[in-house]
Amino acid sequence: MVAGMTAPNTVLRGVRTGMRMSQDDFARALQAAGHRVGEPNDANKRLVQRWESGAIAAPRPVYARALEVVTGLPISLLGFAAVPGGHVADDRHGGHDLTSTVSSLATPTPTPKPATAHRSYEGVWLSRYQYYSSGREESFAGQHFVVLLQHGDRLTARSLPGSASSSLSLDLTVDGAVITGTWVEQTDPAGYYRGARYHGAIQLLAEPTGRRMAGKWVGFGKDMDVNTGPWELVFRDASTSKATLDRYNTSAT
């Protein structure tokens, strides 16, 4: 344990509960994320409990990367202790959390894929899409500032809460200039759609500059018809530091 760190990590707990995950669910998601990026880990419920209680001030790098994949947020925003330079402290003197021998034997260790160079898309982006409201017979635009994180060919984007009254998440895969994945939006509880949750697919093409992605979304409407419309992401800032995110945590309209 890092000396003096006794306060619970309420930020991490809030993110986990906001994802509607139990500590067991969260640990399993961290293990799955580790396997996806070729860095297996032994996350378990006890480890999550120790992070949230403050018994461990900060995760080791392998867990930090898995946390970013699962939450879609930079590790600096997950309530862990930081050191000068903006990096999260690496608590190598904390207790070891072991899984059982049977569990370890039952989970095959994946063969790492050859390293592939990918353009970095990490940073703050402005997300803009258009949709038609059949109930109002009018077209509208949705805008959010999103923080985009990258692990190999996988991208995760999460909207900054102050940038819009709804929340948005994107989970994407990069294949050259083609970016494909899924989107989820939780609408404003006080708005026209009364907190409804919408989701669908998205495909974008990245411009050669790497500063804009444009394409289309597809998803179901409230009348169970399939809708589509334009979507673009425009680059704003390469930093994902807390100071930068605080600056963009404001209305994107």
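The following exchange examines a predicted model through its barrel, a helix pair and two pockets. In this predicted model, local features need pLDDT of at least 70, side-chain atom pairs count only at pLDDT 80 or more, and totals for chains, interfaces and linings use all residues. Residues are numbered from 1 along each chain as its sequence is written, and side-chain values use heavy atoms, with hydrogens and water left out.

Student: In what order do the eight strands close into a barrel?

Tutor: Strands (E, at least two residues) and helices (H or I, at least four) are DSSP runs, numbered from the N terminus. Two strands pair if DSSP finds at least two bridges between them. The pairing in the barrel is antiparallel, and the order is E1-E2-E3-E4-E5-E6-E7-E8.

Student: How many bridges join E7 to E8?

Tutor: Phenylalanine 220 stands opposite valine 226 in E8. E7 and E8 run antiparallel, and the bridges that join them number nine.

Student: How is helix H2 oriented to helix H3?

Tutor: Axes are lines fitted to C-alpha atoms, for helices over the stretch in contact, and angles run from 0 to 180 degrees between N-to-C directions. The axes of H2 (residues 23-36) and H3 (residues 45-53) come within 8 Å and cross at roughly 105°. Angles under 35 degrees count as roughly parallel, over 145 as roughly antiparallel, 65 to 115 as roughly perpendicular and the rest as oblique. The crossing angle therefore makes H2, relative to H3, roughly perpendicular.

Student: Which residues of H3 make the contact with H2?

Tutor: Contact means heavy atoms within 4.5 Å. H2 contributes Gln23, Asp24, Phe26, Ala27 and Leu30, and H3 contributes Lys45, Val48, Gln49, Trp51 and Glu52.

Student: Which residues that line the largest pocket are the closest to its centre?

Tutor: A pocket is an open set of points on a 1 Å grid over the protein atoms alone, where a 1.4 Å probe fits, with protein on both sides within 12 Å along at least five of seven lines; lining residues have an atom within 4 Å of a point. About 1,000 Å³ of space lies in the largest pocket, a volume being the space filled by probe spheres set on the points, which are joined across faces, edges and corners. Of its 34 lining residues, the closest to the centre are Gly18, Met19, Thr71, Arg158 and Ser169.

Student: Which element gives the most to the lining of the second largest pocket?

Tutor: The second largest pocket has a volume of about 700 Å³. Elements that give two or more residues to its lining include E1, E5, E7 and E8. The most, five residues, comes from E2.
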